[in-house]
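Grab a coffee and work through a few short exercises on side chains and who they meet. Try each task on the structure before you read the solution.

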Amino acid sequence: MKIINNNKLNFIKGIYSKKDEMAPSYINNNNPKNIEIDNIFYSGIIIVNYYREYNNLILKKILENNLNMNISIFYEKQNAYKTIRDLTYHIANVGVELKDGNQNRQDIDIAAFTYNDAKYIRKEIQVNNEDLYFLYIYIDVFSKNQKEIEYLLNKIEGILNGAGMQTRRANFRQEQVFLSCIPLMMNNQDIKNAAKRNVLTSGILATYPFISSSIFDETGIFIGTNIYNNSLIFIDRYNSEKYKNANMCIFGTSGSR
């Protein structure tokens, strides 16, 4: 008599599929500070705010550190007509409140800030043809050691806060951040309100995530230093497999080096 194991039997019945092979064997979601999947701990960070007038890449410093993390960035373009209409309505209402002056000093300062912010966004959309987006940035740190997870979280938060970004740990929402940071194109609704940040087209440029920390060819000659991290740059201009030709163009003022 031929014996068929359970997996083959399930496959024959149509129950077994490829996702059963890919699915993790163990998931522990009882800790609000992290989620454990197959003996690897994951803990999330949500970037909740950063300067709109950011002239540098906001993720450059943490990418250069080569830490164990997954980063997910979502953009949602907003309707320009609806945005201008809502901003105009908001500006009119806040303008009336500022004229009345019946609020306390703190409320007046907040109202004045939102008033000027709304006018700035409306001007950029109408005059400079900018578009308004909702921006969501999530960082999921992973390690086999819980103590290392805490170290990585503190280090990343320190780097981001030092660069003018406000962060929030995804306690009790670790599963949502984990799902948003794997390649499923899923921006989980449960964490969108915490991460949502309005940004104009010019501000989106600062979220470009692909950065080369070093330029080094083993057979190259010394060209100079990287202005971002002071690493040495060696380029083999005659490597036809990597570069199309050996031509080079140098820009700079006379006498500079």
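Two rings of Phe, Tyr or Trp count as a pair if their centres lie within 6.5 Å. With that cut-off, Tyr-42, Phe-142 and Phe-178 form one aromatic cluster. Keep in mind that this is a predicted model.

**Exercise 1. Classify an aromatic pair**

Work out what kind of pair the rings of Tyr-42 and Phe-142 make, and which strands they bring together.

Solution, step by step:

- Start with the whole structure: a search finds 4 aromatic pairs.
- Now take the geometry. The ring centres of Tyr-42 and Phe-142 are 6.0 Å apart, with the planes at 40°.
- Planes under 30 degrees apart would be stacked and over 60 edge-to-face, so at 40° this pair is tilted.
- Next, place the residues. Tyr-42 sits in strand E3 (residues 40-49) and Phe-142 in strand E5, so the pair ties together parts that are 100 residues apart in sequence.
- Finish with accessibility, where buried means under 20%. Tyr-42 is buried, at 14%, while Phe-142 is partly exposed, at 25%.

**Exercise 2. Find a charge over a ring**

Which residue lies over the face of Phe-134?

Solution: look for Lys-196, which lies over that face at 4.7 Å from the ring centre of Phe-134.

**Exercise 3. Follow a loop and its neighbours**

Look at Glu-130 and decide: is it buried or exposed? Then see what its side chain reaches.

Solution, step by step:

- Locate Glu-130 in the loop between helix H5 (105-127) and strand E5 (132-143).
- Check the accessibility: with 13%, Glu-130 counts as buried, because the cut-off is under 20%.
- Follow the side chain of Glu-130 to the backbone nitrogen of Ser-202, which it reaches at 3.0 Å.
- List who else is around. Leaving out residues up to four places away in sequence, Glu-130 touches Glu-124, Ile-125, Leu-200, Thr-201 and Ser-202.
- Then step over to Asp-131, in that loop between H5 and E5 too. The side chain of Asp-131 makes a salt bridge with Lys-77, at 3.6 Å from N to O. Lys-77 belongs to strand E4 (residues 69-77), and the two partners are distant parts of the chain, 54 residues apart.
- Compare the two ends: Asp-131 is partly exposed at 24%, whereas Lys-77 is exposed at 54%.

**Exercise 4. Sort two more salt bridges**

How many residues separate Asp-86 from Lys-82, and how many separate Glu-150 from Arg-169?

Solution, step by step:

- Begin with the total: the whole structure has 7 salt bridges.
- Asp-86 and Lys-82 form one of them, with their closest N and O atoms 2.9 Å apart.
- Both lie in helix H4 (residues 80-100), 4 residues apart, so about one helical turn separates them.
- Asp-86 is partly exposed at 35%, and Lys-82 is partly exposed at 43%.
- Move on to Glu-150 and Arg-169, whose side chains meet in a salt bridge at 3.1 Å, N to O.
- Glu-150 is in helix H6 (residues 146-162) and Arg-169 in strand E6 (residues 166-169), so this pair ties together parts 19 residues apart in sequence.
- Glu-150 is partly exposed, with 35%, and Arg-169 is partly exposed, with 22%.
- One last look at helix H4's pair: salt bridges that share partners join Lys-82, Arg-85 and Asp-86 into one network.

Key. Residues are numbered from 1 along each chain as its sequence is written. This is a predicted model: local features need pLDDT of at least 70, side-chain atom pairs count only at pLDDT 80 or more; totals for chains, interfaces and linings use all residues. Side-chain values use heavy atoms; hydrogens and water are left out. Helices (H or I, at least four residues) and strands (E, at least two) are DSSP runs, numbered from the N terminus. Buried means under 20% relative accessible area, exposed over 50%, partly exposed in between (1.4 Å probe, protein chains only). A polar contact is a pair of N or O atoms within 3.5 Å; within protein, one must be able to donate a hydrogen and the other to accept it, and residues adjacent in sequence count only if both atoms are side-chain atoms. Contact means heavy atoms within 4.5 Å. A charge sits over a ring if NZ of Lys or CZ of Arg is within 6 Å of the ring centre and within 35 degrees of the ring normal. A salt bridge is a side-chain nitrogen of Lys or Arg within 4 Å of a carboxyl oxygen of Asp or Glu.
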